[in-house]
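I opened my notebook to look up a few things in this structure. My entries follow in the order I made them.

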Amino acid sequence: MKVKENFNLKKHNTLALDCFCDQFILVENLHDVEQIVPFVGKQGIFVLGSGSNIVLTKNIEKPVVHLTSRFHARVADGITVAWAGSKWNDLVMWAAKKGLGGIENLAAIPGTVGGAPEQNIGAYGVEVKDTIVWVEVFNYRTNVFQRLSNAECRFMYRSSIFRETENPWIITRVAFELRPNSEKNLSYDGIKAELKSKDILDPSYLDIANAVSAIRQRKLPDYTELPNVGSFYKNPIIDEKQYKKLSRKYDDIVAYPLENNHFRLSAAWLLEKCGFKGHRMHECGFSDKHALVLVNYGNATGREIISLSKEAIRSVNQKFKIKLKVEPQVL
Ligand SMILES: Cc1cc2nc3c(=O)[nH]c(=O)nc-3n(C[C@H](O)[C@H](O)[C@H](O)COP(=O)(O)OP(=O)(O)OC[C@H]3O[C@@H](n4cnc5c(N)ncnc54)[C@H](O)[C@@H]3O)c2cc1C
């Protein structure tokens, strides 16, 4: 375990925001995890993964715990158990190369294995909840390790018990059911087209992961060049009546049918309709590649980013009577 005082988090959040924490505690293994208890004050701690789903608006005045990104995963009895600090994409590619399926559509999502259950990451028709068997947490108040079953994690669209409750947990390991005969999800036209362009008719899990990575590289701004946190808003859910009303007015509406006569509406489409694609305010703005991505052009602060994001929420609400919800955690 290593402890650094007065530590700048700029390189530890993908929006590259310049904020500090009093103590940065680097944890290397399960033994280290137990050693953090004496550092925990009244306010608890903040667990930081890759910082790809947070917006820092101020310094963090409690210890920040970060699990090292050393990759560690093993398979036993058909269950893959991975160290929470491991990079998510390292796990995806490792599994795909081993011929284990289930998470290949989630390739190239930044972040850690521990960050994935927190908002139940999803992309290209797949959510991580569908493969998670259990999540191991360390309770830094009681000093006890505990396993939460899939049901106990209360996964929902971009949400889970980890996000919705105040809790004293550090996610330490996650167990997945990744199978050699897992069904492949090619429901997104983009994936089919990408595979076709490579003359791949019977894709392996690795082919799908590579196709998804290539599409994402083209579609999304690279956060190492143009800092961002991916989608800034959740896609709102509307009922059939509202959907019909909107589709009568806009024949280019982008929405996906859900159960119970509801639709998931594309937040990117709403933002484009309100003129936010490529809209810039000083040091931050909405990407001209993808309207859902708010980028830091250099020296933006978290507060400026939040201020611009609120302007877009107001504008979408005024035009469509739909209130967008911010996806990353604002600190
Ligand atoms: C370019 C880009 C594209 C993206 N695309 C997608 C996408 O397609 N789909 C999607 O769902 N998301 C996407 N994201 C968002 C993000 O990558 C994911 O939410 C990711 O899982 C966050 O992981 P992290 O380790 O960076 O978490 P952080 O941002 O570090 O933390 C997020 C939250 O998780 C908590 N947390 C993290 N690790 C732990 C742990 N070990 N124990 C307890 N709590 C923990 C933190 O306390 C915080 O509350 C994208 C982000 C970027 C930058």
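Before anything else, I needed to know when two strands count as a pair: DSSP must find at least two bridges between them. I also noted that this is a predicted model.

**Entry 1: the sheet.** I started with β1 and its partner. β1 pairs with β2, residues 20-27, in the antiparallel sense, and 6 bridges join them. Which residue in β2 stands opposite lysine 2? I found leucine 26 there. Then I traced the whole sheet. It is open, has 4 strands, and runs in the order β1-β2-β5-β3. The pairing is mixed. At the edges I found β1 (2-8) and β3 (46-48), each paired on one side only. From one strand to the next, the twist averages 30°.

**Entry 2: the ligand.** How many residues surround the ligand? I read 34, and the closest are Gly49, Gly111, Gly114, Gly115 and Gly230. Next I asked which elements give two or more residues to this shell. They are β3, α3 (115-118), β8 (122-123), β12 (169-176) and β13 (228-231). I sorted the shell by class too: 18 residues are nonpolar, 15 are polar and 1 is charged.

**Entry 3: the core.** Nonpolar side chains tend to be buried together in soluble globular proteins. I looked up the largest nonpolar core here and found 81 residues. Val92, Val174 and Leu271 touch the most other members. Helix α2 (residues 88-97) gives the largest share of this core, 6 residues. I then checked valine 92, leaving aside neighbours within four places in sequence. Its contacts are Ile103, Glu104, Leu106, Ala107 and Ala209.

**Entry 4: serine 69.** This residue sits in the loop between β5 (64-67) and β6 (73-76). Why is serine 69 partly exposed? It has 15 other C-beta atoms within 10 Å, and partly exposed means between the limits of 12 or fewer for exposed and 20 or more for buried. Lysine 87 is 18 residues away along the chain, yet the C-alpha atoms of the two are separated by 5.9 Å. Beyond four places in sequence, serine 69 is in contact with Gly85, Ser86, Lys87 and Thr112.

**Entry 5: proline 203.** I found proline 203 in the loop between α5 (189-197) and α6 (205-219). It counts as partly exposed because it has 19 C-beta neighbours inside 10 Å. Lysine 192 is 11 residues from proline 203 in sequence and 9.7 Å in space, C-alpha to C-alpha. With neighbours within four places set aside, proline 203 is in contact with Lys184, Leu195 and Ile208.

How values were computed. Residues are numbered from 1 along each chain as its sequence is written. This is a predicted model: local features need pLDDT of at least 70, side-chain atom pairs count only at pLDDT 80 or more; totals for chains, interfaces and linings use all residues. Axes are lines fitted to C-alpha atoms, for helices over the stretch in contact, and angles run from 0 to 180 degrees between N-to-C directions. A residue is near a molecule or strand if its C-beta atom, placed from the backbone, lies within 6 Å of it. Ala, Val, Leu, Ile, Met, Phe, Trp, Tyr, Cys and Pro count as nonpolar, Asp, Glu, Lys and Arg as charged, and the others, Gly among them, as polar. A nonpolar core is a set of buried Ala, Val, Leu, Ile, Met, Phe, Trp, Tyr and Cys residues joined through C-beta atoms within 7 Å. Two residues are in contact if their C-beta atoms, placed from the backbone, lie within 7 Å.
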